[in-house]
Amino acid sequence: MTRKQKRLSVIAGGLAFLGAATGLTFYALGQKASYFYMPADLTTASLQPGQRIRLGGLVEKGTIERGQGTTVAFSVTDNQKQVKVTYTGILPDLFREEQGVITEGIFRPDGVFVADSVLAKHDENYMPKEVTDGLKSRGVWQESKK
């Protein structure tokens, strides 16, 4: 084998290694991706059983129900549709009715969304970008003028 052939084989091996590493990285990231949906988006979405998603919107007024221990049930709405959500754990301090929220989890076969994490806005000037954009596109959210 000549020197040139050795150099080309090392370069080809390096490129093959980088290609395999890139492919595995994208595959792993694709498995961990959770897509964002508003309640009205779910009617047209084709979700696989057990697929993790992020569900965002406003906590519907009058729907917060405290269960045993730290179990809480509430509805998330975009003022077009609403989705029943259950969550077991400690809710953020600023979680309340008619506030922006993003939940992450899966749907049960009965259509109830089981969240394993809940994110709430932290003050009056901030709402998660995905929720704000979704509510603005539906004409529900209007920014306050200061």
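This tour moves from the whole chain to one loop residue and then to a patch on the surface.

The model is predicted: local features need pLDDT of at least 70, side-chain atom pairs count only at pLDDT 80 or more, and totals for chains, interfaces and linings use all residues. Residues are numbered from 1 along each chain as its sequence is written, and side-chain values use heavy atoms, with hydrogens and water left out.

Begin with the full chain, coloured by secondary structure. Two helices and seven strands are present, in the order α-β-β-β-β-β-β-β-α from the N terminus; helices (H or I, at least four residues) and strands (E, at least two) are DSSP runs. Of the 146 residues, 31% are buried (under 20% relative accessible area, 1.4 Å probe, protein chains only; exposed is over 50%, partly exposed in between).

Next, select aspartate 78, in the loop between β4 (71-77) and β5 (82-88). Aspartate 78 is buried, at 0% relative accessible area. Display its side chain together with the backbone of residues 80 and 81: a polar atom of that side chain lies 3.0 Å from the backbone nitrogen of glutamine 80, and the side chain also reaches the backbone nitrogen of lysine 81 at 3.0 Å.

Now move to helix α1 (residues 3-32) and select phenylalanine 17. In contrast to a buried residue, phenylalanine 17 is exposed, with a relative accessible area of 61%. Finally, add Leu8, Ile11, Leu15 and Leu18, which with Phe17 make a nonpolar surface patch of about 560 Å². Such patches consist of residues with over 30% relative accessible area and no salt bridge, nonpolar side chains (Val, Leu, Ile, Met, Phe, Trp, Tyr) being joined within 5 Å and like charges within 9 Å; a salt bridge is a side-chain nitrogen of Lys or Arg within 4 Å of a carboxyl oxygen of Asp or Glu. Areas come from the Shrake-Rupley method with a 1.4 Å probe, and for residues only the protein chains shown count as cover.

Terms used. A polar contact is a pair of N or O atoms within 3.5 Å; within protein, one must be able to donate a hydrogen and the other to accept it, and residues adjacent in sequence count only if both atoms are side-chain atoms.
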